[in-house]
Amino acid sequence: MLIEKMSLSRSKLDIRTSRLLLRPIGPADVELLWPHVAEPELSKYMTWDPHEDRAETAAFIASELAAADRGTGHCWVLEHDGAFAGVIGLHGIVAYTRAWRRDHAELGYWCAPPLQGRGLMTEAGRAVLGCAFEVLGLHKVSVGCISENAASKRVIEKLGFRFLGEQRDHCFRFGRWWNHLVWEMTVDEWRQGTLQPSNAAAGEGSPSA
Ligand SMILES: CC(C)(COP(=O)(O)OP(=O)(O)OC[C@H]1O[C@@H](n2cnc3c(N)ncnc32)[C@H](O)[C@@H]1OP(=O)(O)O)[C@@H](O)C(=O)NCCC(=O)NCCS
């Protein structure tokens, strides 16, 4: 069951994998994110537009910190060999929808362009799924991407999500409608996946106590 946000210290959300440190995002990260979030290519398949100034980046970080405070989200900065490597988050964490217990979140991420294509986001995704299910007590994590986003689709497949389908004309941008692919994973699927020898690394990424 989703754990009480009050019992979560920031340090409990520091996660180390073989190549990455994942640490909760903070106000001082504006300068790390800024040059990347200003690049139109990075956000072309994401829900947001390129940032026009650092104030926009600071506002994004503030909204993530507010979500963490409310217990509705967690956002991590990735570091690889001391360099900024990207951002990953669990968004829209919900414990209940009226009478329905949900314990659900959405996964989202982006990798710093110089470090793309090295398997880092797949490694970060495994670590965050481990945290979602084994530390935060979530029951299900969903993820989606624009159908043309081949790199993200591949990350999601490598993480072992179960494909649900394609949503037609899901969003309008750049003068056209775009289709959207959606997947999900339950805690049981995560645990079964981590038990398979081929996914031995899936459990990697222990949050520090
Ligand atoms: C999606 C993204 C996070 C992937 O990060 P990454 O660290 O490069 O991911 P990984 O290296 O773990 O895996 C990428 C996989 O996609 C594959 N890939 C990359 N570009 C591809 C393309 N154009 N077509 C097909 N496959 C592609 C890589 O070969 C790799 O697969 P492999 O390990 O089987 O070779 C990164 O491309 C990114 O930040 N994109 C912009 C932001 C974004 O779209 N975020 C996701 C929104 S849903």
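Read from the N terminus, the elements of the protein chain follow the order β-β-α-α-β-β-β-α-β-α-β-β-α-β. This predicted model thus offers a chain with 5 helices and 9 strands. The C-alpha atoms occupy a box of roughly 40 × 40 × 40 Å along the principal axes. A compact globule of 209 residues would have a radius of gyration near 17 Å, and the protein chain, with 16 Å, agrees with that expectation.

Two helix pairs are worth a closer look, beginning with H1 and H2. Helix H1 covers residues 30–37 and helix H2 covers residues 54–70. Their axes come within 9 Å and cross at roughly 120°. An angle over 145 degrees would count as roughly antiparallel and one of 65 to 115 as roughly perpendicular; H1 and H2 are therefore oblique to each other. The crossing in which H1 passes H2 is right-handed. On the H1 side, the meeting residues are Val30, Leu33, Trp34 and Val37, and on the H2 side they are Arg54, Thr57, Ala58 and Ile61. By class, the residues of this contact comprise 6 nonpolar, 1 polar and 1 charged.

The second pair is formed by H3 and H4. Here the axes lie 9 Å apart and the helices pack at an angle of about 50°, which makes H3 oblique to H4. This crossing, too, is described by its hand: H3 and H4 cross in a right-handed manner. From H3, the contact takes in Met121, Thr122, Gly125, Arg126 and Leu129, while H4 brings Val155, Lys158 and Leu159. The contact of H3 with H4 holds 4 nonpolar, 2 polar and 2 charged residues.

The surroundings of the ligand bring H3 and H4 back into the picture. There are 20 residues around the ligand, and those that come nearest are Met121, Thr122, Ala150, Ala151 and Arg154. Strand S5 (100–111), helix H3 (120–135) and helix H4 (150–159) are the elements that each give two or more residues to this shell. The largest share comes from H4, with 5 residues. In terms of residue class, the shell divides into 12 nonpolar, 6 polar and 2 charged residues. Met121 and Thr122 deserve a second glance: they are among the residues nearest the ligand, and they also belong to the H3 side of the contact with H4.

Note on methods
Residues are numbered from 1 along each chain as its sequence is written. This is a predicted model: local features need pLDDT of at least 70, side-chain atom pairs count only at pLDDT 80 or more; totals for chains, interfaces and linings use all residues. Axes are lines fitted to C-alpha atoms, for helices over the stretch in contact, and angles run from 0 to 180 degrees between N-to-C directions. Helices (H or I, at least four residues) and strands (E, at least two) are DSSP runs, numbered from the N terminus. Angles under 35 degrees count as roughly parallel, over 145 as roughly antiparallel, 65 to 115 as roughly perpendicular and the rest as oblique. A crossing is left-handed if the near helix is turned anticlockwise from the far one by less than a right angle, and right-handed if clockwise. Two residues are in contact if their C-beta atoms, placed from the backbone, lie within 7 Å. Ala, Val, Leu, Ile, Met, Phe, Trp, Tyr, Cys and Pro count as nonpolar, Asp, Glu, Lys and Arg as charged, and the others, Gly among them, as polar. A residue is near a molecule or strand if its C-beta atom, placed from the backbone, lies within 6 Å of it. The radius of gyration is taken over C-alpha atoms; the globule rule is 2.2 Å times the number of residues to the power 0.38.
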